[in-house]
Amino acid sequence: MKKQLLDTVAIVDGISTSAHLAPAFRAYGVKCVHVLSSESFPARLRPQINPADYVRSVVHRGDVRETANALRDLGISVVLPGVDSGVELASLLADALDAPFRNPVELTAARRDKFEQIQTLQRAGVRTPQQFQSRSAEEIVEWARAHARLPVVIKPTRSAGVKGVKICRTLAQVEEAARNVQAIKSWYDEVQDEILVQSYSEGQEYIVDAVSFEGRHKVVSLWTVERDRSHSPRLEKMLVVDHTEPRFAEVIAYAAQVLDAVGLHYGPSHLELIVTAEGPTIVELNSRLHGSLDPRLTTAVSGKNQVSVTVEAFVNPTRFKQTLGEQPRFEGFCGHILLVSPKAGVLNRDFVWDSIEQLPSCVSVKRWVKTGDRLNVTTDLLTALGMVGLFDAKFDRLLADCESIRQIEHRFFSEPDALAA
């Protein structure tokens, strides 16, 4: 039988890191189409989508069959979610189109909804936090009182960018955080009715970025994560480590268990976990690329990045499977550090971007705010100033620049004219 080569890929909500997918596929002669998951997809995010990267763009208006029919003539082989808002639609469309490379549709919810995800993992015997879901803040408080030891974590079931995620050390904080979930919309402007409470996991946090094909998983990068856990688990920084070291074998094995349980057979994944005294325990799985990344960083360190491995898996599956056992060679060190505001107010003058860009290990700076914008105290990605990508051949220089960035922030926000009321 003649071997069928990849011809067309559909990408749902191709923003953030996934904006790199279509150009990478096109470099191999693969056509891409874009699907917007909703007519109400946030206007602030749409400029990240480049129409020139796609041979067709479709807006989903709620009817999966209608959207699938608008794509059926293209012979689509795989439907990839760009970000969390596209995870469920990508799965449903792939099933409706009978795409050859698709994940089991019956586990769609487990790959997006945080409550269903943990339930699915528990049924599979995978270690997880305790959890409870309700639309009632009072019921959430009562569960925390009766079933969990404080602190606990409150989050939306469709969380993204840690928006609405809180670490609560008192029952009063539990109630406040639970009510806040229903008072705010998600990162993608989705209404959030369900409140999720989970037991708190103590230990070192890691991120496992992987790519799967035919249920076989390749780890692309493993990140050690530091967060400010005072109330909102805001990112401080994350640094790539050599995942081939034997001490990380348990983490990687656990990641594979999670991916198997939720049926992530094809495509990229971003797993956040904490190594507790009992062993690795999931924070959450995101069934898409690691967001807001500069792909050059891990490429400089190990020769691969999650975008390139995703594309290569579908363009040349045989090679992907043959190289599953190959260990990358690590050279240099890289990481990302979140730029944070310790104060609220209107940005009175331009932030000192140049001071950061001049640091020896600085590779890229994502600027998310400008003069005149109102700043809040940074608690998540939406309230951050930006993100800095770092690479250096020497680890101590990388860490020194991380410290310099915090000093630059402190000096700027200590100046009386930095913010206006």
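Helices and strands are DSSP runs, numbered from the N terminus. On this basis, P151 falls in the loop between α5 (137–147) and β6 (152–156). The model is predicted. In it, a cis peptide bond joins L150 to P151, with omega of about 5°. Most peptide bonds are trans, and most residues other than glycine have a negative phi.

Two aspartates also show backbone angles of note. D13 has phi near 60°, a positive value in a residue other than glycine. D13 sits in the loop between β1 and α1. Its relative accessibility is 0%, so D13 counts as buried. D98, likewise not a glycine, has a positive phi of about 55°. D98 belongs to the loop between α3 and α4. With a relative accessible area of 53%, D98 is exposed, because the cut-off for exposed is over 50%.

The interior was examined next. In soluble globular proteins, nonpolar side chains tend to be buried together. Here the largest nonpolar core has 32 residues. L6, V9, L21, F25, Y188 and F314 have the most contacts inside this core. Two or more residues each come from β1 (8–12), α1 (21–26), β2 (31–36), β4 (76–81), β9 (204–213) and α9 (306–315). Helix α9 gives the largest share, five residues. Leaving aside residues up to four places away in sequence, V9 touches F25, V30, K31, C32, V33, V78 and L80.

Helix α9 itself is largely enclosed by the rest of the structure, because eight of its ten residues are buried. The buried residues of α9 are Q306, V307, S308, V309, T310, V311, A313 and F314. Their cover includes α1, β4, β9, β10 (216–228), β12 and α10 (317–322).

Aromatic contacts were then searched. The whole structure holds 15 aromatic pairs. One of these pairs, F101 with Y266, is tilted. The ring centres lie 5.6 Å apart, with 45° between the planes. F101 lies in the loop between α3 (87–96) and α4 (114–123), and Y266 in the loop between α7 (249–261) and β12 (267–276), so the pair ties together parts that are 165 residues apart in sequence. Y266 is buried, at a relative accessible area of 15%. Ring pairs also link F101 and Y266 with F213, F314 and F320 into a cluster. F314 thus recurs: it is among the core residues with the most contacts and among the buried residues of α9.

Charged pairs form a further set of links. Side chains of opposite charge can pair when their charged atoms come close. A search of the whole structure finds 35 salt bridges. In one of them, D53 pairs with R26, and the closest N and O atoms are 3.1 Å apart. This pair links distant parts of the chain, 27 residues apart: D53 is in the loop between β2 and β3 (56–59), and R26 is in helix α1. The partners differ in burial. D53 is buried, with a relative accessible area of 10%, whereas R26 counts as partly exposed at 42%.

A second salt bridge joins E205 and R227, with 2.9 Å between the closest N and O atoms. E205 is in strand β9 and R227 in strand β10, 22 residues apart. Both residues are buried.

A third salt bridge pairs R367 with E357 at 3.1 Å, N to O. R367 lies in strand β16 (residues 362–367) and E357 in helix α11, ten residues apart. R367 is partly exposed, with 42% relative accessibility. E357 is also partly exposed, at 35%. Elsewhere, salt bridges that share partners join D228, R234, E236, R406 and E409 into one network.

Helix α11 (residues 353–357) also contains D354. D354 is partly exposed, with a relative accessible area of 49%. Its C-alpha atom is separated by 9.7 Å from that of V365, eleven residues apart along the chain.

At the surface, F333, F395 and L399 make a nonpolar patch of about 230 Å². L399 is found in helix α12 (residues 395–414). L399 is partly exposed, with a relative accessible area of 33%.

Conventions:
Residues numbered from 1 in each chain as written. Predicted model: local features only at pLDDT ≥ 70, side-chain atom pairs only at ≥ 80, totals over all residues. Heavy atoms only, no water. Core = buried A, V, L, I, M, F, W, Y, C linked by side-chain atoms within 4.5 Å. Buried < 20%, exposed > 50% of the residue type's maximum accessible area, 1.4 Å probe, protein only. Helix = DSSP H or I, 4+ residues; strand = E, 2+ residues; numbered from the N terminus. Contact = heavy atoms within 4.5 Å. Phe/Tyr/Trp six-rings, centres within 6.5 Å; stacked < 30°, edge-to-face > 60°. Patch = residues over 30% accessible without salt bridge, like charges linked within 9 Å, V, L, I, M, F, W, Y side chains within 5 Å. Areas by Shrake-Rupley, 256 points an atom, 1.4 Å probe, with all protein chains shown as cover. Salt bridge = Lys/Arg side-chain N within 4 Å of Asp/Glu carboxyl O.
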